[in-house]
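This report looks at a ligand site and at the packing of helices in one structure. The sequence and the model are shown first.

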Amino acid sequence: MCGIIGITAMPHSLPRGVASLIVKALLRLEYRGYDSAGVAGIVGNAIVVRKARGKIEEVSRRLGFKEIRSYCMIGHTRWATHGIPSDNNAHPHTDCRNWFAVVHNGILENHAELRRFLEEKGHVFRSDTDTEVLPHLVEDFFLKSEDVMEAFKKAIDAVRGSYAFAMISVHEPDRIFYAKNKNPLVIGLGNGFNAVASDIAALIELTRRIIVLRDGWHGYISPREIKLYNGRGEPVDWRKYVITVEWSIEDASKSGYPHYMLKEIMEQPVALHNTLAGIKKDKAIDKAVDILLDAEKIYVTAAGTSYHAGLYYALLTSILSGTLVHPFIASEYELYTKTISEGDAVIAVSQSGETMDTLNAVREAKKRGARVIAVSNIIESSIPRESNVTIYTRAGPEIGVAATKTFTSQALALYWLSVHHALATGKITRAEASNLLREAEKTPGLTRKAIEKTKPIAERLAEKISGARSIYVLSRGIGVPVAMEGALKVKEIGYIHAEAYPAGESKHGPIALVEEEFPVVFIVPNDPRLVDLLKGNIEEMKSRGALTIGVLSTNTCSECKLDIRIETPTANKLLVPFTHTPFMQLLSYYIAVNKGYDPDKPRNLAKTVTVE
Ligand code: G6P
């Protein structure tokens, strides 16, 4: 989705102005997915705008972003919603007199009527975007009051929808005006400068002192001043909201890896270690267990990869506590939340904490009286803020669009929750719980071994199957969410159609597609009962000519009819996400590399989806 950056610095604090910092920040925002890039800066008494469709580095070089000598600039990466990807539709957008330049994330629902109204008054529009109404509105209000803040406030009051805005103006040449509703926006505090951004990762090189803005908050920043108002227009003491983020620059850079995705796969042992250390320290698990104990029904909801972590949790909880957890895909929330009543518990899993579908599910669940437990990687993001308690994963920033280290971190946090819940319900003994928690402590090591053992084979196998048109990823029981996550990775990164389902379903339809050399990957949990059942499914596929690939621990199922054995470390049968996921992540990664695709920026996808 779109990205925003704005920096205002003391004049002459930097020899060449802030343009190169803006470009660097835009590059940090690239991972969110975009089709165009642009910047606007105050130069003398005017606004200079440069923008075009294309990749930041190329557009910036061609249009000379870095040559703009400005101390107050905004920048944007656009992911088209209203209006096709084009130079004109790229942000920033300006008014008729070029007094205001605006960048925007989100969707303005009433843009058509506002545009009509403004055009009737003589405003001339230059793009097809919903965003462009904003600078024209500000211009219109400014002509009456000659006060930029007042005009900006009136303009944001006039628009309906979701937004994060940043705006510069020739009339207040060192200020960046900002407003937030439903789309993320943060302020970064610096020495001699201040900044706004849609994403903490964009600011990491500049500062770690951050204010995460809430809905309705707006105001402006200058190099030495922050003005912050709430939705009712009352001043907010921003000092109370400053947090210090722990992420380092290395966390948000490739550190010598060719792609973020590979770096993030390799980082999983550290991410798991930090997640464990974090959940042991804070009280979130205890609070969450209290909510679960009081609940009549328990739901888990999420989108994409996070949904697979949620499904793993649901299966685990039925195994450990004998409690049925209802999993549902967040975008289907309208249907499922109808069954939620007062006192129920909803677990909302979202690495970004901003996914609109999941946020909608949270809001609806709360409206119906449920208590919400968030599992998120981003401190102070919307979903945690609107939930009763948040269990934070500590995976560090995930830049690759496809979730990797956040998946295993979520699975670990949810495993920890499920074990504590089972203990509290008396379904497992203290000794059993201690045992299961000790197993969880092994996950960083297990994942490290899984990566080491499977990486070279994933690379070789990717070469062999890159040309496949379709792949099945099958498992049973607790392995099914891991198979689903594996298939999603192959699809979104390797661009091969991949389908996952419980292996027992093969005979009810999917097997019709199987022909010579059709790759079928089996995620075989370390559970004799499941191994036994899967043995039959492997046989079934092999006899139709499939290329059977088994992901399983050493010495498991030696009699299975597998063409390729991918050996993973031996571990407790419940720890499938940690032993089996790295192989599927690496396989997808190498398929993409092999086919010449960028695994960090899969086509048509965005990291954080803040629209329905
Ligand atoms: C997008 C991303 C996925 C991610 C999903 C949910 O579709 O491309 O990788 O799993 O959103 O994101 P969340 O931040 O809520 O976990």
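In this predicted model, the ligand is surrounded by 13 residues, and the closest are Ser306, Ser350, Gln351, Ser352 and Thr355. Polar contacts to oxygen atoms of the ligand are listed below for Ser350, Gln351 and Thr355.

| Residue | Part of the residue | Distance to a ligand oxygen atom |
|---|---|---|
| Ser350 | polar side-chain atom | 2.6 Å |
| Gln351 | backbone N or O atom | 2.8 Å |
| Thr355 | side-chain N or O atom | 2.5 Å |

The second topic is helix packing. Helix H17 (residues 480-494) and helix H19 (residues 576-595) have axes that come within 8 Å and cross at roughly 15°; since angles under 35 degrees count as roughly parallel, H17 and H19 are therefore roughly parallel to each other. Their crossing is right-handed. On the H17 side the contact involves Val482, Gly486, Lys489, Val490, Ile493 and Gly494, which meet residues of H19 including Val576, Pro577, His580, Thr581 and Met584. By class, the residues of this contact between H17 and H19 comprise nine nonpolar, five polar and two charged.

H19 also packs with helix H14 (residues 405-425), at an angle of about 170° and with the axes 10 Å apart, and these two helices are therefore roughly antiparallel to each other. Here Phe407, Thr408, Ala411 and Leu412 in H14 meet Pro577, Phe578 and Thr581 in H19, and the residues of the contact divide into five nonpolar and two polar, with no charged residue. Pro577 and Thr581 of H19 thus appear both in the contact with H17 and in the contact with H14.

Conventions
Residues are numbered from 1 along each chain as its sequence is written. This is a predicted model: local features need pLDDT of at least 70, side-chain atom pairs count only at pLDDT 80 or more; totals for chains, interfaces and linings use all residues. Side-chain values use heavy atoms; hydrogens and water are left out. Axes are lines fitted to C-alpha atoms, for helices over the stretch in contact, and angles run from 0 to 180 degrees between N-to-C directions. Helices (H or I, at least four residues) and strands (E, at least two) are DSSP runs, numbered from the N terminus. Angles under 35 degrees count as roughly parallel, over 145 as roughly antiparallel, 65 to 115 as roughly perpendicular and the rest as oblique. A crossing is left-handed if the near helix is turned anticlockwise from the far one by less than a right angle, and right-handed if clockwise. Contact means heavy atoms within 4.5 Å. Ala, Val, Leu, Ile, Met, Phe, Trp, Tyr, Cys and Pro count as nonpolar, Asp, Glu, Lys and Arg as charged, and the others, Gly among them, as polar. A residue is near a molecule or strand if one of its heavy atoms lies within 4 Å of it. A polar contact is a pair of N or O atoms within 3.5 Å; within protein, one must be able to donate a hydrogen and the other to accept it, and residues adjacent in sequence count only if both atoms are side-chain atoms.
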